[in-house]
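This report goes through one structure part by part, under short headings. Please keep the sequence and the structure in view while reading.

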Amino acid sequence: MLIKRPPRIASSEITPEPIYRARRQFMRQSVALGTAAIAAGAVGGAQAKPSFVAKADVASPPWLRDKIAGAAADTSEINDTLTPYEHVTSYNNFYEFGYNKDDPAKHSGSLKPHPWQVEISGEAEKTGTFDLEDILSKVELQERVYRLRCVEAWSMVIPWIGFELGSLLKQFNPTSRAKYVAFTTLKDTKQMPAQGSAFGTIDWPYVEGLRMDEAMHPLTLLAVGLYGKALPNQNGAPLRLVVPWKYGFKSIKSIVKIEFTEEQPPTSWNISAPNEYGFYANVNPKVDHPRWSQATERRLPSGLFSPNIIDTQMFNGYDEVASLYRGMDLKKYF
Amino acid sequence: MRAVTWRRLAIFTLSLVPFIWIVYLTITQQLGADPAKTIVLFTGEWTIYFLFITLAVSPLVKFAKWRWLIVHRRMLGLFALFYALCHVAAYLTFILGLDFARFFSELVKRPYITAGMPAVLILIALGVTSTKGMMRRLGSNWTKLHRLVYVALLLGWVHVLWQVRSSYFEAVLYGAITALLLGVRLYGYWQKRQKRRLKAASATPK
């Protein structure tokens with residue numbers, strides 16, 4: 001009699017992980033595309049739709065919801081497994097709402113992201129204060145799946161909805177004196193209660209900055225959504241920066257001001273601990289944080305008995321930005 | 001059952017509640033995106049809490065006259081050791097994936113781990129010598145040895161302080177409690193010395 005014994009090795013061990021992940025993703029995308037096609041047929045010809053859409057309901061004005069729903073899908077080859085929506089939106093740092101990873105999700109209800117205005121100032125021909133709706137009416141939204149590497153040595157993979165920062169900056173005709181771009185987060189203890197804490201190590205408001213060429217790089221994104229929905233408050237609603245080759249703290253949230261400057265602008269973590277956090281903050285496995293190694297990272301969600309530890313890549317794997325730093329000593333300019 | 005037995009049972013059960021709680025959250029998958037870090041933080045915090053509780057016993061006996069409490073001090077101290085061992089085990093298994101080579105490189109690279117490790121070793125030594133037989137065998141050295149718990153607490157506080165990134169709240173709170181618990185003892189020591197000096201002064205006639 002022939003008795004079939006179950007294979008002792010799980011098929012996941014035979015098939016290399018990237019391949020079966022990619023296969024699953026292909027299937028998922030096919031389903032998403034299928035649904036998109038049906039939906040497009042139903043409404044009669046809306047072309048674009050993001051590939052990864054969460055079921056969650058994020059409160060946002062209809063104009064923004066519609067614009068995000070029509071964002072062009074990320075069609076590039078994605079080799080990473082996406083971090084599930086519930087983890088992206090419940091585990092992060094946003095110290096304006098508290099110091100634990102679950103505080104932003106718990107305490108950001110007091111933030112009012114609509115209506116929202118952004119002040120554009122400094123070395124540019126056109127400056128002033130603009131409604132978010134006006135700003136977004138002049139740009140095309142697209143979906144971008146990016147790895148996000150936190151300086152604390154954990155990482156996620158997130159499908160953002162946003163537009164290239166450069167496409168916005170160009171509209172204000174920056175002058176030849178504009179060498180840097182400085183960003184400021186909202187400061188309002190009523191909306192961001194932890195800004196009132198007496199024990200914080202950061203002077204509010206949170207400020208960040210980029211060199212002009214970094215700001216104009218096509219990878220640099222201003223995001224208004226994730227997983228096909230508007231940004232939840234805890235993730236930096238309504239407008240945040242995403243610079244995928246730099247540590248997460250560079251990606252400033254809930255932006256109220258963008259300024260073109262001639263001098264390198266101050267940045268919050270650099271002020272707080274200059275020996276630990278540099279202005280550039282490029283992801284670099286060879287330059288350790290003084291208190292921990294940056295050689296590896298834990299990709300979240302990470303299981304308990306098989307921690308998902310992977311090697312950290314130079315520039316977080318975005319080699320196309322290497323030319324921006326040619327000739328620079330990245331140990332010195334960390 | 002005698003009252004002391006009841007108390008012992010009650011304290012034992014209560015001390016296990018945090019452990020049962022974290023196991024429950026783990027099994028029901030309520031620990032979020034980074035369960036490893038949550039477990040390591042949780043067990044580390046409870047180690048410090050139990051050190052505080054254990055070191056609060058003798059001031060409570062002395063000042064609040066809670067004499068019944070002193071017999072339970074050993075169990076409370078052993079629970080500090082228990083949570084410290086859980087903390088180290090969770091770090092080794094869930095964060096490092098039992099990669100011992102990495103453990104040693106981290107031990108050297110991360111000063112807060114360098115500070116925390118001797119604290120755990122002290123707690124192990126105190127746990128091993130906490131039996132009646134060991135007390136007898138060590139005699140007066142036992143008290144001297146067990147004063148190392150103050151060093152363990154200070155190291156534990158440094159371990160927290162050196163991890164401060166965004167907020168000093170916990171470091172300040174733990175520092176204040178540590179200062180209070182050690183201050184009470186310094187005060188007692190100073191009082192004793194004063195008394196001895198007064199006695200000596202009155203004993204020598206002029």
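Which residue in strand 6 of chain A is the bridge partner of Ala182(A)? The partner is Gly209(A). The model shown here is a predicted one, and the sections below start with chain A, where this pair is found.

## Chain A in outline

Chain A holds 9 helices and 12 strands. Of its 334 residues, 53% are buried. Taking the contacts in chain A between residues at least 6 apart in sequence, 70% are between residues at least 24 apart.

## The open sheet

Five strands of chain A make up an open sheet, and their order across it is 2-1-10-5-6. The pairing in this sheet is mixed. Strand 2 (128-131) and strand 6 (207-211) are the edge strands, each of them paired on one side only. From one strand to the next, the twist averages 20°. In general, the strands of a sheet pair through backbone hydrogen bonds, in either a parallel or an antiparallel way.

At one edge, strand 5 (residues 180-185) of chain A runs antiparallel to strand 6 of chain A, and 5 bridges join the two. The pair of Ala182(A) and Gly209(A) belongs here. At the other edge, strand 1 (residues 117-122) of chain A pairs with strand 2 of chain A over 4 bridges, also in the antiparallel sense. Opposite Ile120(A), in strand 2 of chain A, stands Gly128(A). Strands 1 and 2 of chain A form a hairpin, with 5 residues between them.

## Loops of chain A

Two cis peptide bonds in chain A can be described together with the loops around them. One joins His114(A) and Pro115(A), with omega about -5°. Pro115(A) is in the loop that runs between helix 5 (103-107) and strand 1 of chain A. The other cis bond goes from Trp204(A) to Pro205(A), and its omega is near 0°. Pro205(A) sits in the loop between strand 5 and strand 6 of chain A.

A further loop, between strand 3 (142-149) and strand 4 of chain A, contains Ala153(A). Phi of Ala153(A) is near 75°, which is a positive value in a residue other than glycine. Is Ala153(A) buried or exposed? Its relative accessibility is 12%, so Ala153(A) counts as buried, the cut-off being under 20%.

## Two nonpolar cores

The largest nonpolar core has 91 residues, and Trp160(A), Phe163(A) and Ile258(A) have the most contacts inside it. Strand 4 (residues 154-164) of chain A contributes the most to this core, with 7 residues. Apart from this core lies another, of 49 residues, which include Phe42(B), Leu81(B), Leu92(B) and Ile113(B). As a general tendency, nonpolar side chains in soluble globular proteins are buried together.

Neighbours within four places in sequence left aside, what does Phe163(A) touch? Its contacts include Ile135(A), Leu136(A), Val139(A), Leu141(A) and Leu168(A). Also among them are Glu140(A), Thr220(A), Leu221(A), Leu222(A), Val224(A) and Leu239(A).

## Helices 1 and 2 of chain B

Phe42(B), from the core of 49 residues, has its place in helix 2 (residues 35-63) of chain B. With a relative accessibility of 16%, Phe42(B) counts as buried. Setting aside neighbours within four places in sequence, Phe42(B) is in contact with Pro18(B), Trp21(B) and Ile22(B). Phe42(B) is 45 residues from His87(B) in sequence, and the C-alpha atoms of the two are 8.0 Å apart.

Helix 1 (residues 3-27) of chain B packs with helix 2 of chain B at an angle of about 175°, and the axes are 11 Å apart. These two helices are therefore roughly antiparallel to each other, the cut-off for this being over 145 degrees. On the side of helix 1, the residues that meet helix 2 are Ser15(B), Pro18(B), Trp21(B), Ile22(B) and Thr26(B). On the side of helix 2 they are Ile39(B), Phe42(B), Trp46(B) and Phe50(B). Sorted by class, this contact has 7 nonpolar residues, 2 polar residues and no charged residues.

## A loop of chain B

Leu98(B) is in the loop between helix 3 (73-95) and helix 4 (100-109) of chain B. Phi of Leu98(B) is near 60°, a positive value in a residue that is not glycine. The relative accessible area of Leu98(B) is 47%, so this residue is partly exposed.

Note on methods: Residues are numbered from 1 along each chain as its sequence is written. Chains are lettered from A and ligands numbered from 1 in the order in which they are written. This is a predicted model: local features need pLDDT of at least 70, side-chain atom pairs count only at pLDDT 80 or more; totals for chains, interfaces and linings use all residues. Side-chain values use heavy atoms; hydrogens and water are left out. A nonpolar core is a set of buried Ala, Val, Leu, Ile, Met, Phe, Trp, Tyr and Cys residues joined through side-chain atoms within 4.5 Å. Buried means under 20% relative accessible area, exposed over 50%, partly exposed in between (1.4 Å probe, protein chains only). Contact means heavy atoms within 4.5 Å. Axes are lines fitted to C-alpha atoms, for helices over the stretch in contact, and angles run from 0 to 180 degrees between N-to-C directions. Angles under 35 degrees count as roughly parallel, over 145 as roughly antiparallel, 65 to 115 as roughly perpendicular and the rest as oblique. Ala, Val, Leu, Ile, Met, Phe, Trp, Tyr, Cys and Pro count as nonpolar, Asp, Glu, Lys and Arg as charged, and the others, Gly among them, as polar. Two strands pair if DSSP finds at least two bridges between them.
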